[in-house]
Amino acid sequence: ARSSILAKARDCAGLMRRIVAAGHELCNHMPHDRSYALLGEPAFAADLRAAEESLAPYQPQLPPPSARTWFRPPMGLATTSLW
């Protein structure tokens with residue numbers, strides 16, 4: 001599976017800061033470009049948490065994940081158990 005920018009966030013700290021400073025929002029699209037639909041809730045929760053932790057230093061003004069109403073899973077695939 002291909003990795004997303006989240007997997008490289010620490011190596012690209014300057015770029016991440018410039019993206020946010022230019023008015024863009026960094027959205028959680030999970031750390032890996034793979035379907036989570038069949039992996040189950042523990043794997044989904046662990047990767048969701050890892051992705052959030054990767055983004056947090058660059059945009060601390062975002063509400064916590066539990067307060068957000070948007071999320072696009074990789075490949076656009078999810079099951080109702082993940083929501």
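This passage describes the fold, the nonpolar core and selected buried residues of a predicted model.

The chain contains two helices and two strands, which follow one another from the N terminus in the order β-α-β-α. The mean pLDDT is 76, with 78% of the residues reaching 70 or more. Confidence is not uniform along the chain: the lowest mean, 48, belongs to strand E1 (residues 2-3), whereas the highest, 87, belongs to H1. Of the 83 residues, 29% count as buried, and the accessible surface amounts to about 5,500 Å², of which carbon and sulfur atoms account for 58%. When contacts between residues at least 6 apart in sequence are considered, 69% of them join residues at least 24 apart.

The largest nonpolar core consists of seven residues, namely Ala9, Ala13, Met16, Val20, Leu26, Leu55 and Tyr58. Helix H1 (residues 13-21) supplies the largest share of this core, with three residues. Within H1, the buried residues are Ala13, Met16 and Val20; because these buried residues fall within an arc of 65 degrees when seen down the helix axis, they line one face of H1. Such an arrangement can be set against the geometry of an α-helix, which has 3.6 residues a turn, so that residues three or four places apart point the same way. The buried residues of H1 pack against H2, while Arg18 and Ala21 are exposed on the other side of H1. Just after H1, Gly23 adopts a positive phi of about 100 degrees.

Leu26, a member of the largest nonpolar core, is located in the loop between H1 and strand E2 (32-33). Its relative accessibility is 10%, which is under the 20% limit, and Leu26 therefore counts as buried. Leaving aside residues up to four places away in sequence, Leu26 touches Met16, Ile19, Val20, Leu55, Tyr58, Gln59 and Leu62. One of these partners, Leu55, is 29 residues from Leu26 in sequence, yet the two C-alpha atoms are 7.0 Å apart in space.

A polar side chain also meets this loop residue. Gln59 is placed in the segment after helix H2 (41-55) and, because its relative accessibility is 3%, counts as buried. A polar atom of the Gln59 side chain lies 2.5 Å from the backbone oxygen of Leu26. With residues up to four places away in sequence again left out, the contacts of Gln59 are with Val20, His24, Glu25 and Leu26. Val20 and Leu26, both of which are touched by Gln59, are members of the largest nonpolar core.

A further residue with a low accessibility is Glu52, which lies in helix H2; Glu52 counts as buried because its relative accessibility is 13%. Glu52 and Pro31 are separated by 21 residues in sequence, and their C-alpha atoms are 9.3 Å apart in space.

Note on methods:
Residues are numbered from 1 along each chain as its sequence is written. This is a predicted model: local features need pLDDT of at least 70, side-chain atom pairs count only at pLDDT 80 or more; totals for chains, interfaces and linings use all residues. Side-chain values use heavy atoms; hydrogens and water are left out. A nonpolar core is a set of buried Ala, Val, Leu, Ile, Met, Phe, Trp, Tyr and Cys residues joined through side-chain atoms within 4.5 Å. Buried means under 20% relative accessible area, exposed over 50%, partly exposed in between (1.4 Å probe, protein chains only). Helices (H or I, at least four residues) and strands (E, at least two) are DSSP runs, numbered from the N terminus. A polar contact is a pair of N or O atoms within 3.5 Å; within protein, one must be able to donate a hydrogen and the other to accept it, and residues adjacent in sequence count only if both atoms are side-chain atoms. Contact means heavy atoms within 4.5 Å. Accessible areas come from the Shrake-Rupley method with a 1.4 Å probe; for residues, only the protein chains shown count as cover. pLDDT is the predictor's confidence in each residue, from 0 to 100. The arc is that of the directions from the helix axis to the C-beta atoms.
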